[in-house]
Amino acid sequence: MTPAEILQDLMSPAGRADPFPLYAAAHRLGPLLPVTDDIFLVVGYAAVNEVLRNPVFEIPAEPSSQPSLELMQRSILRANPPDHGRMRSLLSQVFTPRRVAGLQPAIEAAVDELLNGLAAEVDFMDRFAFQLPVTVICELLGVPTDDRHRFRPLASDLTAALELTDASDAAADAAARELGEYFAYLIQDPPPDGLVAALVAARQRLSDEELLANLILLLVAGFETTTDLLGNGLAILLRQPDLPTDAAFVEEVLRYDSPVQVTTRVARERSEIVGTPIPAASSLVLLLGAANRDPERFPDPDRFDPLRPGNKPLSFGAGAHICLGNSLARLEATVAFDRLRPFTITPNGEPTRRDRLVLRGYQTLPIRLSGGR
């Protein structure tokens, strides 16, 4: 296969459902693959890591009249220096290692409450994988409990705008408008505790548009990828129920079936990656999922092995744009899988995947539970 064929197939329904054979085909061609003179697929672990950490490669930030894309470009997700550093320094005060570690008792209590309320037959995605991270991030933000049920469909619609397509997405734009209206209302009288109130108090460092965009990003990113991490991990446990469920298990889930499979960069100036010249203004498609299965970095990469030494997947990125909440997502997943360990969990029908490439996860994951209560 040519690099262009690999990219085209990745965006097909079959490629979105199972990109891993295409990643393997890409690795056979090399770590950095020219699709055209100014479009490159970056598939090798070292190459992806280098691009993520090199400030020459920036987030694509083309002006857009599409509300969903415009919203994202005003947040730290799509911002470049100096705006990115200014916004991130403010937001990162919430995600210090000390504060995240201090959330463990609250996360344990939330997990136990959810598990105690699960029926014997249940959709794991709806009743647990979404409920846990949305509870945690909404507590951090100070979002009222009664409002939380509405966020899963809105987040799903909004993040469709991240897919590798130029098509306008009316559902994503509608979600952006509804979430914008919600937070615009909330910041008028924010709950006294939580990040919403803290950011409103510090709003001289953020424009009104940046304040709204980053609150929406923190909400959506705060549970979307963690929801997928929990579902992807449980699906693995259903196939291999005797696996240990500790922090190393979570790290291997991140490597083996990353919730984020793809990100993009653009070259601000002429550069070079793994010996290949990259012209200025070139577009780079970074296949994080492929980097995590690079045989040069991970021997026998298609085998799930929680005991894999030196396991450092790139699922949450690297460098200046590494996911702000990555330590919180890891902690939530580690606590959740530890608390799930006493249960006997078996499939209860066919799961369904979301039809996505960039954000990979399950739509439904029906299970039966027994014991453990």
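The paragraphs below go through the overall form of the model, its two sheets, two aspartates and its cysteines.

This is a predicted model, in which local features need pLDDT of at least 70 and side-chain atom pairs count only at pLDDT 80 or more, while totals for chains, interfaces and linings use all residues. Residues are numbered from 1 along each chain as its sequence is written, and side-chain values use heavy atoms, with hydrogens and water left out.

The protein contains 17 helices and twelve strands; these are DSSP runs numbered from the N terminus, helices being H or I over at least four residues and strands E over at least two. Its radius of gyration is 20 Å, close to the 21 Å that the globule rule gives for 373 residues, so the protein is as compact as a globular protein of that length. That radius is taken over C-alpha atoms, and the globule rule is 2.2 Å times the number of residues to the power 0.38. The C-alpha trace spans about 55 × 50 × 40 Å along its principal axes. Of the 373 residues, 54% count as buried (buried is under 20% relative accessible area, exposed is over 50%, and partly exposed lies in between, with a 1.4 Å probe and protein chains only). Among contacts between residues at least 6 apart in sequence, 71% join residues at least 24 apart; a contact here means heavy atoms within 4.5 Å.

One open sheet has five strands in the order β1-β2-β8-β5-β3, with mixed pairing. Strands are taken to pair if DSSP finds at least two bridges between them. At the edges of this sheet are β1 (32-36) and β3 (57-58), each of which pairs on one side only. Within the sheet, β5 (residues 262-267) is antiparallel to β8 (residues 283-287), and five bridges connect them. Arginine 265 has leucine 284 in β8 as its bridge partner, and threonine 263 is partnered with leucine 286 in β8. Toward β3, strand β5 is also antiparallel, through two bridges, and phenylalanine 57 is opposite alanine 267 in β5. Five of the six residues of β5 are buried, so the strand is mostly covered. In a regular strand the side chains alternate between the two faces of the sheet. Helix α4 (residues 45-53) lies across β2 (39-42), β3, β5 and β8, and runs at about 125° to β8. For such angles, axes are lines fitted to C-alpha atoms, for helices over the stretch in contact, and the angles run from 0 to 180 degrees between N-to-C directions.

Another open sheet consists of three strands in the order β4-β12-β9, with antiparallel pairing. Its edges are β4 (121-123) and β9 (344-347); each has a single partner strand, so one side of each lacks a neighbour in the sheet. On average, and with direction ignored, neighbouring strands of this sheet are turned by 35° against each other. Strand β9 is joined to β12 (residues 366-370) by four bridges in the antiparallel sense, with isoleucine 345 opposite leucine 369 in β12. Helix α14 packs on this sheet, touching β9 and β12, and its direction makes about 90° with that of β9.

Helix α14 (residues 208-239) also contains aspartate 228. This aspartate 228 is buried, as its relative accessible area is 2%. Not counting residues up to four places away in sequence, aspartate 228 touches Pro259, Arg354, Leu359, Arg360, Gly361 and Tyr362.

Aspartate 302 is in the loop between α16 (288-291) and α17 (326-340). With a relative accessibility of 48%, aspartate 302 counts as partly exposed. Leaving aside neighbours within four places in sequence, aspartate 302 is in contact with Tyr256 and Arg293. Its side chain makes a polar contact with the side chain of arginine 293, at 3.0 Å. A polar contact is a pair of N or O atoms within 3.5 Å; within protein, one must be able to donate a hydrogen and the other to accept it, and residues adjacent in sequence count only if both atoms are side-chain atoms. The C-alpha atoms of aspartate 302 and arginine 255 are 10.0 Å apart in space, and the two residues are 47 apart in sequence.

A search of the whole structure finds zero disulfides, a disulfide being a pair of cysteine sulfur atoms within 2.5 Å. For cysteine 138, the closest cysteine sulfur is that of cysteine 323, and at 16 Å it is too far for a bond. Cysteine 138 is buried at 0% relative accessibility, whereas cysteine 323 is partly exposed at 25%.
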